[in-house]
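Please open the model in your viewer and keep the sequence panel beside it. The stops below are meant to be selected one after another.

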Amino acid sequence: MPDWIYMNGKYVKKEDAKVSVFDHGFLYGDGIFEGIRVYNGNVFRLDEHIKRLYDSAKSIMLEIGMTPEEMTEAVVATVRKNNYRDAYIRLVVSRGVGDLGLDPYKCEKPEVIIIVQPLALFPKEHYEKGIRIVTVPTRRNTPDALNPQIKSLNYLNNVLVKIEANRAGASEALMLNANGYVAEGSGDNIFIVKNGVLYTPPTYLGALEGITRKAIMDIAKKLGYQVIEQPFTRHDVYVADEVLLTGTAAEVIAVIDVDGRQIGEGVPGPITKHLLTEFRKIVQIEGTKVYQDLEQKAQI
Ligand code: PMP
C-alpha cells in the first residue's frame, strides 16, 4: 500500500509528492512545521500542535489559507487515509513558489504538506540504559535573531549541533544560549532533577515550547512533583540527580552522562522512569480519536 501524502488538499502517492525548486521552503527554509504523533489511533495533543503551528505562522507573517479547524481535520483525515494507528506525522507549511529573490510576497500561495510515516523509534536501549550527551560549541539561535519558539523550517542551527554531537560520539547535544545558560537539545527540551524537584529552562532563554515538555510538566505536577521553570547552567546539569530529555520523537529519555560527568548513579533515575511510565500510559488513551466515527459506525 502506498503512503498517501496530503498536498494542498489532495492525496498523492509518496513517489509523486514533489515540490518545486522555486519553493521558498526549499530555497530559504521559509516555512514552518510540526512533528506530531499518533498513538493507538489517538493524535497526542493535536490542538496544541495546531496552535503552535498557527503561532509560528503569525510570527513569520505566513497566511496558511486554512483555518485551524480545517488543518486539524486534514491531519486526522491523512492519518485515517494511511490507516495507521501508531505513526509520526510531519506537517509542513512552506511559503510556496516564488522567484529566486527573498521577497515572500512574490510567493503565490503556501504549500501545505502532511506526511504520515510508521515510527522509526529510538532504540529500546536508549530508554533502558539512558544516553550520553555533550555540550556543543554552536549556541542556540538568539530570540532576537531567529526565535527558537518559532518552529521554522530553518533548522540549520540544530543540524550543526547534531553534527557536532555525532562527531563527539553522542546521539544528542546540550545547547547553551548566547549567555551560557542551558537552552535545549537539538530536537528536545531538557529537565534536571535536584532533591526531588524538576527544573526546566524558561523558553524565552532559547528553547522551543515543546508539547512533550508541557505534557511532562502536567504529568509531574499530577504525580506530586514540584516543577520550576528557571535558568540554569552546565554546572547545575553536571551535579543534578537526574537529567532527562523530552520530545515528540524522543518521548522521555534519561541522560546518564553529560560531557563525561556521570549523572546520579549512571542509570535512568526513579523520577525519569516514573514520568516515562506515566507518559506512555497517557498517550495510549488521551488525544484526538482518528477512527472514532468509524468505530461508532461499526457499533451501530
Ligand atoms: N526543541 C526542538 C529544537 C525541537 O525540534 C523539538 C521537537 N519538535 C523539541 C524541542 C521538542 O518539542 P515537542 O515536544 O513539541 O516535540
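The tour goes from the ligand to a helix and then to some backbone angles.

Before selecting anything, note that this is a predicted model, in which local features need pLDDT of at least 70, side-chain atom pairs count only at pLDDT 80 or more, and totals for chains, interfaces and linings use all residues. Residues are numbered from 1 along each chain as its sequence is written.

**The ligand**

Select the ligand and the residues around it, where a residue counts as near if its C-beta atom, placed from the backbone, lies within 6 Å. There are 14 such residues, and those that come nearest are Gly 210, Ile 211, Thr 212, Gly 247 and Thr 248. Two elements, α6 (211-222) and β13 (242-247), each give two or more residues to this shell; helices (H or I, at least four residues) and strands (E, at least two) are DSSP runs, numbered from the N terminus. The largest share, 3 residues, comes from α6. Colouring the shell by character gives 2 nonpolar, 9 polar and 3 charged residues, with Ala, Val, Leu, Ile, Met, Phe, Trp, Tyr, Cys and Pro taken as nonpolar, Asp, Glu, Lys and Arg as charged, and the others, Gly among them, as polar.

**Helix α8**

Next select residues 270-285, the 16 residues of helix α8, which reaches 24 Å from its first C-alpha to its last, close to the 22 Å expected at 1.5 Å a residue (the expected span is 1.5 Å times one less than the number of residues). Which residues of α8 are buried? They are Ile 271, Thr 272, Leu 275, Leu 276 and Val 283, and they lie on the same side of α8 because they cover an arc of only 130 degrees around the axis, the arc being that of the directions from the helix axis to the C-beta atoms. Here buried means that 20 or more other C-beta atoms lie within 10 Å of a residue's own, exposed that 12 or fewer do, and partly exposed is in between, with C-beta atoms placed from the backbone.

Turn to the face directed away from the buried side, and you will find the exposed residues Thr 277, Lys 281 and Ile 285. Now show what covers the buried residues of α8, which includes β3 (31-39), α4 (124-129), β10 (189-194), α6, β13 and β14 (251-258); contact requires C-beta atoms, placed from the backbone, within 7 Å. Following α8, Gly 287 has a positive phi, near 110 degrees.

**Two positive phi angles**

Go then to Asn 195, in the loop between β10 and β11 (197-200), where phi is near 50 degrees, a positive value in a residue other than glycine. Asn 195 is exposed, with 7 other C-beta atoms within 10 Å.

Finish at Glu 251 in strand β14, which has a positive phi of about 60 degrees although it is not a glycine. Is Glu 251 buried or exposed? With 23 C-beta neighbours inside 10 Å, Glu 251 counts as buried.

Note on methods
Two residues are in contact if their C-beta atoms, placed from the backbone, lie within 7 Å.
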